[in-house]
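Me: Got a minute to walk me through this fold? I'd like to begin with the strands.

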Amino acid sequence: MKWERTAIVGTAPSWTLTPWTDPGLNVLSLNDAYRMPGFTRADAWFDLHPMDHYWYPPDVNQPVFAHAVPTGYYARPKTHIDWLGRQTIPVYLHPQYREQCAVAGTWPHAVAFPRLEIEAEFGRYFTSTPAWILALAIMHGAKDLGVYGS
């Protein structure tokens, strides 16, 4: 994967401005952004939340409100684990993903996110997955960084 030109794509409305057709752009995305209509590609995926703290809404056709998600849990579609496992791109997961989700330990493209290496380089103050991704991209030599949907 070439990191020099990297786009981090989140889920806020500006995600639609991502230059999807630029073949020299390394597109990185996260969580369940793949569900958005028009999301066309990613070169690596990130879900850094503890896999044993995913929460699956009982009704996929209803909106999920923050107060409905148990404290300390992260809402994901019921098919999220299967989707992650089918990927052929690197899938960066929580550093202890093998202990949190046995099946994830069998995925050939699963990568333990290098949290300790990033903290050694930049310090310990990170408050979001895009911030962690940004630090990883910089560690890999990114010179041209775009952030969409944040």
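Reply: Sure. Bear in mind that this is a predicted model. Its open sheet has 6 strands, paired in parallel, in the order 7-6-3-2-1-8.

Me: Which strands sit at the edges?

Reply: Strand 7 (110-112) and strand 8 (144-148). Each of them pairs on one side only.

Me: How much does the sheet twist from one strand to the next?

Reply: The average is 25°.

Me: Back to strand 7. How many bridges does strand 6 make with strand 7?

Reply: Strand 6 covers residues 91-93, and its parallel pairing with strand 7 runs over 3 bridges. Leu-93 stands opposite Ala-112 of strand 7.

Me: Switching to helices. At what angle do helix 3 and helix 4 pack?

Reply: About 75°, with the axes 10 Å apart. Helix 3 spans residues 115-122 and helix 4 spans 129-139. The two are therefore roughly perpendicular.

Me: Which residues make that contact?

Reply: From helix 3, Arg-115, Glu-117, Ile-118, Glu-119, Glu-121 and Phe-122. Helix 4 brings Trp-132, Ala-135, Leu-136, Ile-138 and Met-139.

Me: And what is that contact by class?

Reply: There are 7 nonpolar and 4 charged residues, with no polar ones.

Me: New topic, pockets. What volume does the largest one have?

Reply: About 230 Å³. It is lined by 13 residues. Closest to the centre are Leu-48, His-49, His-94, Thr-129 and Trp-132.

Me: Trp-132 again! How does the lining divide by class?

Reply: Into 7 nonpolar, 5 polar and 1 charged. And yes, Trp-132 is also one of the helix 4 residues in the contact with helix 3.

Methods: Residues are numbered from 1 along each chain as its sequence is written. This is a predicted model: local features need pLDDT of at least 70, side-chain atom pairs count only at pLDDT 80 or more; totals for chains, interfaces and linings use all residues. Side-chain values use heavy atoms; hydrogens and water are left out. Axes are lines fitted to C-alpha atoms, for helices over the stretch in contact, and angles run from 0 to 180 degrees between N-to-C directions. Angles under 35 degrees count as roughly parallel, over 145 as roughly antiparallel, 65 to 115 as roughly perpendicular and the rest as oblique. Contact means heavy atoms within 4.5 Å. Ala, Val, Leu, Ile, Met, Phe, Trp, Tyr, Cys and Pro count as nonpolar, Asp, Glu, Lys and Arg as charged, and the others, Gly among them, as polar. Two strands pair if DSSP finds at least two bridges between them. On a 1 Å grid over the protein atoms alone, a cavity is a set of points where a 1.4 Å probe fits but cannot get out, and a pocket is an open set with protein on both sides within 12 Å along at least five of seven lines; lining residues have an atom within 4 Å of a point. Grid points are joined across faces, edges and corners, and a volume is the space filled by probe spheres set on the points.
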